[in-house]
Protein chains: 2
Amino acid sequence: MHLNLFLSSLGHHEAAWRHPAANVEEIIDFAHLQGLAQKAERAKLDSLFLADRYAASRKAVKYGAVSGLEPLTLLSALSVVTERIGLIATVSTSFNEPFNVARRFASLDHLSQGRAGWNIITSGTDGEAQNFNLERIPDHHVRYERAQEFLDITLKLWDSWEADAIIHDKASGIYADNSKVHEINHKGKHFAVRGPLNLSRSPQGRPLLVQAGSSEDGKDFAAKYAEAIFTAQQSLSDAQSFYADVKARAAQFGRSPEQVIILPGICPIIGASEAEAKEKEAQLHELTHPAYSLLQLSNRIGFDLSSYPLDGPLPELPATEKIAGHQSRTQLIRDLAEREHLTIRQLLLRLAGGRGHKTIAGTAQQVADELEQWFTQDAADGFNIMPQLTNGGLDDFLDQVVPELQRRGLFRTEYTGKTLRDHYGLDSPVNSFAETHQYQ
Amino acid sequence: MHLNLFLSSLGHHEAAWRHPAANVEEIIDFAHLQGLAQKAERAKLDSLFLADRYAASRKAVKYGAVSGLEPLTLLSALSVVTERIGLIATVSTSFNEPFNVARRFASLDHLSQGRAGWNIITSGTDGEAQNFNLERIPDHHVRYERAQEFLDITLKLWDSWEADAIIHDKASGIYADNSKVHEINHKGKHFAVRGPLNLSRSPQGRPLLVQAGSSEDGKDFAAKYAEAIFTAQQSLSDAQSFYADVKARAAQFGRSPEQVIILPGICPIIGASEAEAKEKEAQLHELTHPAYSLLQLSNRIGFDLSSYPLDGPLPELPATEKIAGHQSRTQLIRDLAEREHLTIRQLLLRLAGGRGHKTIAGTAQQVADELEQWFTQDAADGFNIMPQLTNGGLDDFLDQVVPELQRRGLFRTEYTGKTLRDHYGLDSPVNSFAETHQYQ
């Protein structure tokens, strides 16, 4: 079983910052974040991961702890104070240039000696688009088309220096064998990039490629490129369907299904008894602010809910394929409200703990049981752990659930490899240029 | 006197990697770079700085040690292992988006507790443009026009959170006073950016703004925005003219000339005697490769010199104002060749040690004399130190020249402030939004 910590200074519950255990000053405090990363490493987790958005709204900052360090700068700093745990940064293909992104990840992979991962997103809100010269977020399909071209370029750039290109022969003055350094000469619909990269091949060859979209476009993209997939799944059966679907799509792209690691999000709250855990959850729920929760939900589904009564049902939303923004999350939310006959107010509380990711309030034993069930019943290869409250809650998971998983023989007790790719049991990438070269 | 270390793994001489003291493996080795940064901090230098380019050419990598970590990821990592020294990263306004750049520097400023600086460049080569969807580098004037708009946006984004915007009142659930969080609503020729930034105001308010262009456009840009200026000057009188010119332009923009720190580059080689230093220099010169030197020069001046005889004169180059790329450096090179009646081969050696920055081969005493003269005779407020050879050469400067400058009372013996802005004696920036607010 693989475990990734979805790093959050204060916690994934939207009211975590108001909890007595939370110290709001810690939201951008490096010493605090360093402590969390080192704890996760002591527990032998595969990796830690930072999400990302490219905007803050004035409305949201009124109630929400909206502010955070930029993922690649933070992970570069964390690479110095950790030794084994993987470091996965989210970067959007919609608001960056492929040359810059390829280079930053190669740089992080060098700095961390092979522990870099990239969670590839296309971003989905108008608020973000408006920080990048656009009025509205481009259509879903256009974003994925750009993402695909973006990925093709970065893959070539990471391959543009073969592993043995640098000779540095002081006597002759030859630094690199430049028959092993390649221009990529990409000219496509969205980009033109000559290459080569200005940084030699990194320890992993390229970062671990992670993807989190679960729409049709997203699943195809993931099946083609992703080596690990973060996904929000509310039930075992939904998770099983997703798991089977993505593994089958990967096979269709000629990939081994074992080389695609599926990691549903799990938002735990742990108590000595189930009742204590539920009470902790209720305490967090009481700290939510409906106006803020509604704003978050409206933003997530790209549909303004402010004029609908909180105690009424979710109104009919546009058809999934017509949604420009986050298609799969919107569908999950709609399904959840329908299946459980939730009012908007009830829905807001169901989403408060993890924005649509599965929440569990129970004992460490119960959490371990649930993870074991999903893991052994083809719903997950591991999990994206999102403690609802960080201070206290992360310790509960690492000190109680992880040892229980280890006792059951489900989770490692020591790191056996050095790179992030090693931790997830993934093959080393073949250099596309080297291959060509070899068979010419 | 202020001292900045222009950080280079192996050295600024183009043949440094071939020197017996250089360890080529160290070019992207974090432990090595950490050691250099910590040495500079022990010597109480104001800051260290990383240059940047956005391309590597297949021709250049054959002879040149071309590969390096990306500046912002590397400085983020170095922020963890240093405490006081400033950290200045080069980022181009031509190949990035202002929202991303504002955010990364705010993030580095938080991580380093107020030690971030931005060396603003517009980039000047076709090779770089070709990694960013262009055939040729945009014209000089167009690049500076974009840079100006870019700066205006980042300045507003850094001000978009007032320093006291975050209240985080757990009882009421109010996280921020959003009357102190501002949209910037910029709509200009090159960019449209709504804001606010998604990261709260950083310790320095904004990074130290550094600029290195010495063309007419560059000097105006520097006089308007820059708080520190890196410049290449070959002689005391040239440096004095530049110094007077930029300080006067700053005054024309209503700025105090003391708030613009001028730092010419100095590339030292130090020996126990002058003869020993000259011998060290000759040893490095012997390791140069004319084909590589010529390629570097052609690239720098945007003019292919490969068909001209090495032992003949520099051909007539296009008029400065017609050069799309690096105008001021091209002019410096032309002036140097003319003044000293150099053949191309001689010119290549004059440039090998520091690409046009002033080289000095002499005793520590002689180097200190030269720095003192420039400093006391209105040619410099400090220096950008570029050891021609890092291993050995950086130690020579820090262990011999710095103590000599300290004995003469020219350089600090202890840090007196905490932020980069403190080290350079610069005022804290006023928040443009807060000001408006106050007088409304």
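What turn and what shift along the axis lay chain B on chain A? Keep that in mind as you open this predicted model, and begin with both chains on screen.

**Stop 1: the pair**

Superpose chain B on chain A: a turn of 180° with a shift of 0.0 Å along the axis does it, and the RMSD is 0.0 Å. The two copies are thus related as by a two-fold rotation axis. To find that axis in your viewer, select A77(B), whose C-alpha is the nearest to the axis in chain B, at 2.0 Å. The two copies use the same surface, as 99% of the contact residues of chain B recur in chain A.

**Stop 2: the interface**

Next, select the residues where the chains touch. You should pick up 80 residues from chain B and 79 residues from chain A. Together the two chains bury about 6,700 Å², with 54% of that area on carbon and sulfur atoms. Now show R58(B), K170(B) and Y175(B) as sticks: they supply 12% of the area that chain B buries against chain A, more than any other three residues.

**Stop 3: chain A on its own**

Hide chain B for a moment and switch chain A to cartoon. You can trace 16 helices and 13 strands here. The C-alpha trace spans about 75 × 50 × 45 Å along its principal axes. How does the radius of gyration of chain A fit that of a compact globule? With 440 residues, such a globule would have a value near 22 Å, and chain A agrees because its own value is 22 Å.

Colour by accessibility and you will find that 64% of the 440 residues in chain A are buried. A surface view shows about 16,000 Å² of accessible area, 47% of it belonging to carbon and sulfur atoms. As for contacts in chain A with a separation of 6 or more, 78% of them join residues 24 or more positions apart.

**Stop 4: the annotated domain**

Select residues 17-374 of chain A, which an unreviewed UniProt entry annotates as "domain: Luciferase-like". Over this stretch the chain is 43% helix and 14% strand, and its end C-alpha atoms lie 30 Å apart.

**Stop 5: a histidine in chain B**

Bring chain B back and zoom in on H423(B), which sits in helix α15 (residues 420-423). Is H423(B) buried or exposed? Its relative accessibility is 5%, so H423(B) counts as buried. Show what surrounds this side chain and backbone: beyond its neighbours within four places in sequence, H423(B) is in contact with H2(B), D46(B), R84(B), G86(B), R412(B), Y415(B), G417(B) and K418(B).

Notes
Residues are numbered from 1 along each chain as its sequence is written. Chains are lettered from A and ligands numbered from 1 in the order in which they are written. This is a predicted model: local features need pLDDT of at least 70, side-chain atom pairs count only at pLDDT 80 or more; totals for chains, interfaces and linings use all residues. Side-chain values use heavy atoms; hydrogens and water are left out. Copies are superposed by least squares on the C-alpha atoms of residues with pLDDT of at least 70 in both. Contact means heavy atoms within 4.5 Å. Helices (H or I, at least four residues) and strands (E, at least two) are DSSP runs, numbered from the N terminus. Buried means under 20% relative accessible area, exposed over 50%, partly exposed in between (1.4 Å probe, protein chains only). UniProt positions are given in the numbering used here, feature names are shortened, and annotations may be inferred rather than shown by experiment. The radius of gyration is taken over C-alpha atoms; the globule rule is 2.2 Å times the number of residues to the power 0.38. Accessible areas come from the Shrake-Rupley method with a 1.4 Å probe; for residues, only the protein chains shown count as cover. Buried area is the accessible area (1.4 Å probe) that two parts lose on being put together, summed over both.
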